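Reader: Could you take me closely through one part of what is shown here, giving the cut-off behind each term as you use it? I would rather have a single connected account than a survey of the whole.

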Amino acid sequence: MQKDVSSCNTYNYGDSLYWNSRYIQEGGSFDWYQRYSSLRPFIRKYIPPSSRVLVVGCGNAVMSEDMVKDGYEDIMNMDISSVAIDMMRRKYEDIPQLKYMHMDVRDMSFFPDESFDGVIDKGTLDSLMCGTDAPISAAQMLGEVCRLLLKPGGTYMLITYGDPKVRMPHIGKPVYNWKITLFIIPRPGFQKPETCSSSTKAYLEPVPITEEGFLPSSFVLEDPDSHFIYFCKKDG
Ligand SMILES: C[S@@+](CC[C@H](N)C(=O)[O-])C[C@H]1O[C@@H](n2cnc3c(N)ncnc32)[C@H](O)[C@@H]1O
């Protein structure tokens, strides 16, 4: 099965029943898009190990476990799939740095305002964008993420297939008052064409965006299936 949220019309990624049956069928663990090892330089820079971290839509990914191995001390994970949460709670019952809660990202009223220094989203906003009433779901989710971030400085990290044209209309709303920095990394295993001169180090540099938050017209995407990483830092 293709693990690609961008093929929205095939699967209902916004539906908890879909995710529950998928996690029952597949078991084990799977990290969408990227593993922690590729994201580490970005996460360590924007969300240091002393942070209180919330991972939204954690699924059965091993990213949070890898973060604990790398020194993170306080990671709350949540997902709308009770199957995934039960599995992960059992798996990590001996790791006190990892907590798991069954919750809908559109209503996280269980947590008080400004509970977290960092919120990490790998593929969850993308899933909501495939569901019914996607713009409303996205606004509910982003409103909750914004409320839960410490101000100033709290950071929402969004790892997504969505380029700025499709994501900025949601994350760039003035109400969130986020300072947004964008990075673009190729999908794992992408082979650069021989004519291409850029180095791996270049991925660690932010990509310039226009005042409206879009990619400059001259920008060339080396890998058409790249992943976009948005760091949305709360100003006040
Ligand atoms: C594409 S998977 C990504 C899983 C994990 N973050 C990873 O990187 O491997 C999307 C996850 O979002 C969860 N999800 C979808 N809608 C949700 C919602 N409304 N609230 C919380 N989690 C949701 C799904 O259950 C699924 O685990």
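**The ligand site and helix H1**

Author: A polar side-chain atom of aspartate 79 lies 2.6 Å from an oxygen atom of the ligand, which is a polar contact in the sense of a pair of N or O atoms within 3.5 Å (within protein, one atom must be able to donate a hydrogen and the other to accept it, and residues adjacent in sequence count only if both atoms are side-chain atoms). This is a predicted model, in which local features need pLDDT of at least 70 and side-chain atom pairs count only at pLDDT 80 or more, while totals for chains, interfaces and linings use all residues. Residues are numbered from 1 along each chain as its sequence is written, and side-chain values use heavy atoms, with hydrogens and water left out.

An N or O atom in the side chain of tyrosine 23 is 2.5 Å from an oxygen atom of the ligand, whereas valine 105 offers a polar backbone atom, 2.9 Å from a ligand nitrogen. The ligand has 22 residues around it, of which Tyr23, Trp32, Gly57, Asp79 and Lys122 come nearest; a residue is counted here if one of its heavy atoms lies within 4 Å of the molecule.

Tyr23 leads on to helix H1, residues 16-26, where it is listed as buried together with Tyr18, Trp19, Asn20 and Arg22. Helices are DSSP runs of H or I with at least four residues, numbered from the N terminus, and buried means under 20% relative accessible area, against over 50% for exposed and partly exposed in between, with a 1.4 Å probe and protein chains only. These buried residues of H1 pack against helix H4 (82-91) and helix H5 (124-128), contact being heavy atoms within 4.5 Å.

At the start of H1, the backbone nitrogen of leucine 17 has a side-chain oxygen of aspartate 15 within 3.0 Å, and just after the helix glycine 27 takes a positive phi of about 50°.

The aromatic rings complete the picture. There are 18 aromatic pairs in the structure. One of them joins tyrosine 18 to tryptophan 19, edge-to-face, at 5.1 Å centre to centre with 80° between the planes. Rings of Phe, Tyr and Trp (its six-membered ring) pair if their centres lie within 6.5 Å, and planes under 30 degrees apart count as stacked, over 60 as edge-to-face and the rest as tilted. Ring pairs also link Tyr18 and Trp19 into a cluster with Tyr13, Tyr23, Phe30, Trp32, Tyr33 and Tyr161, and two of these members, Tyr23 and Trp32, are among the residues that come nearest to the ligand.

Key:
Helices (H or I, at least four residues) and strands (E, at least two) are DSSP runs, numbered from the N terminus.
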